[in-house]
Amino acid sequence: MSASKKTGRALFQNEPRALKREVRNATHRVLSSGQFILGSELEAFENAWSTYTGSEFTVGVGNGHDAIQLGLRALGIGAGDEVVTTAITAFATVQAIYNVGATPVIADIDPETALVSIDSVREKITSRTRAMVFVHLYGRAGDMELWVEFAESRGLYLIEDCAQAHGARFNQKHVGTFGVFGAFSFYPTKNLGGIGDAGALVTSDPSLYETVVKLRNYGQKNRYEHLVWGFNSRLDEIQAAVLRARLGWLEETNERRRAIEALLRDSLSGTTRIRLLSDVPDPRQHVHHLFVVTTPNRDAIRQELLSKGIKTLIHYPIPSHLQSPFLSSSGLVNLPAAEKHARECLSIMVDPWSTRRELARVSEQLKSL
Ligand SMILES: *Cc1c(COP(=O)(O)O)cnc(C)c1O
């Protein structure tokens, strides 16, 4: 038996036939168009993404890391500047800050939500802090009223890393539209995923938009006229076409994720061996990119779940501030809540397109813990 048969089918395989057909049609359309970079598919996806998120502008770029990197560069953030972000995130968030020449400063989390803690961020701010990157971790939108006000009162740029939160809203407004810009990744495993690397930046600032459009394409304004030093970070036509097809299904997929989260919450309500993160006040506030629980006996629980046919992963086993590049460059920083979370967190991997039967099986197994 192959590994994929044992653990459920591979990415996208459980999706409805109609969705698969739309994706296939999109790729064929691009192939026969003969236009592969910076064409009409990109423009159509950028418009669709702006409409969906309620953003003024979208710039498609190569990946989520680049969306953060190009946005920071467009804001003029670089050497000598500090940018605060969270200890529990994909390292890409931190790497993007480093890659523009700025110093990433890592703050602790709130253990109830696993989102960055405002008290910790407050402590990390110095006269050199220019911005903070807020990560809507695991699909959960942060309290943007709080963060917008905080950033304004400190004179900081608020940047939103929305790589795990496509479609999440705070007070009916999409994540990515609160800060100076929002960065999305469309890596295949994200809530909206391409069939390769892809990303986008959203903003309502026309001059930031214009700058990022140039930065993604070697600083070009017109062909062969380079106004600034730039990057090669273009969202290609195949990805744009596939993403536009898949966008039509995003709300339904997110609804499925909400139903799965409710089922897991219910199935685990009888055990004290596993803790759930706190619930959200408004269901729209969470798109459940991952179903994360915590337990002090992680290794044992992981093994037990695996023996019951339930796959788990760890997001993330090493908090950002304990990754090697930090250990060699700065003194040791203590972030106790993040360190505990990294030791205890466990992501229960359930495909949003699982059948009722598969879900019932997972639920039964969790109830028996
Ligand atoms: C996936 C992810 C990224 C990076 O996206 P890439 O497209 O892989 O560059 C950044 N931040 C978070 C929180 C992510 O989950």
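A residue counts as buried when its relative accessible area is under 20%. In this predicted model, Glu-82 has a relative accessible area of 9% and is therefore buried. Its salt-bridge partner is Arg-128, with the closest N and O atoms 3.3 Å apart. Arg-128 is partly exposed, at 49% relative accessibility. The two residues come from distant parts of the chain, 46 residues apart. Glu-82 belongs to strand E2 (residues 82-86), whereas Arg-128 sits in the loop between helix H6 (118-124) and strand E4 (129-135).

In total, the structure holds 15 salt bridges. Side chains of opposite charge can pair when their charged atoms come close. One such pair is formed by Glu-261 and Arg-265, whose closest N and O atoms are 2.8 Å apart. Both residues lie in helix H10; they are four residues apart, so about one helical turn separates them. Glu-261 is buried, at 12% relative accessibility. Arg-265 is partly exposed, at 22%.

A further salt bridge joins Glu-304 to Arg-273, with 2.9 Å between the closest N and O atoms. Glu-304 lies in helix H11 (residues 298-307) and Arg-273 in the loop between H10 and strand E10 (275-276), so this pair ties together parts of the chain 31 residues apart in sequence. Glu-304 is partly exposed, with a relative accessible area of 25%. Arg-273 is also partly exposed, with a value of 32%. Salt bridges also form a network, which links Arg-169, Glu-251, Glu-255, Arg-258 and Arg-284.

The interior was also examined for enclosed space. A search of the whole structure finds one cavity of 30 Å³ or more. The largest cavity holds about 170 Å³ of space. It is lined by 18 residues, and those closest to its centre are Glu-261, Leu-277, His-286, Leu-290 and Val-292. Glu-261 thus appears both in this lining and in the salt bridge with Arg-265. Helix H10 (250-267) and strand E11 (292-294) are the elements that give two or more residues to the lining. H10 gives the most, with three residues. By residue class, the lining of the largest cavity divides into 10 nonpolar, four polar and four charged residues.

On the surface, Leu-31, Phe-36, Ile-37 and Leu-38 make a nonpolar patch of about 360 Å². Leu-31 is found in helix H2 (residues 17-33). This residue has a relative accessible area of 59% and is exposed, because the cut-off for exposed residues is over 50%.

Terms used. Residues are numbered from 1 along each chain as its sequence is written. This is a predicted model: local features need pLDDT of at least 70, side-chain atom pairs count only at pLDDT 80 or more; totals for chains, interfaces and linings use all residues. Side-chain values use heavy atoms; hydrogens and water are left out. Patches are made of residues with over 30% relative accessible area and no salt bridge: like charges are joined within 9 Å, nonpolar side chains (Val, Leu, Ile, Met, Phe, Trp, Tyr) within 5 Å. Accessible areas come from the Shrake-Rupley method with a 1.4 Å probe; for residues, only the protein chains shown count as cover. A salt bridge is a side-chain nitrogen of Lys or Arg within 4 Å of a carboxyl oxygen of Asp or Glu. Buried means under 20% relative accessible area, exposed over 50%, partly exposed in between (1.4 Å probe, protein chains only). On a 1 Å grid over the protein atoms alone, a cavity is a set of points where a 1.4 Å probe fits but cannot get out, and a pocket is an open set with protein on both sides within 12 Å along at least five of seven lines; lining residues have an atom within 4 Å of a point. Grid points are joined across faces, edges and corners, and a volume is the space filled by probe spheres set on the points. Ala, Val, Leu, Ile, Met, Phe, Trp, Tyr, Cys and Pro count as nonpolar, Asp, Glu, Lys and Arg as charged, and the others, Gly among them, as polar.
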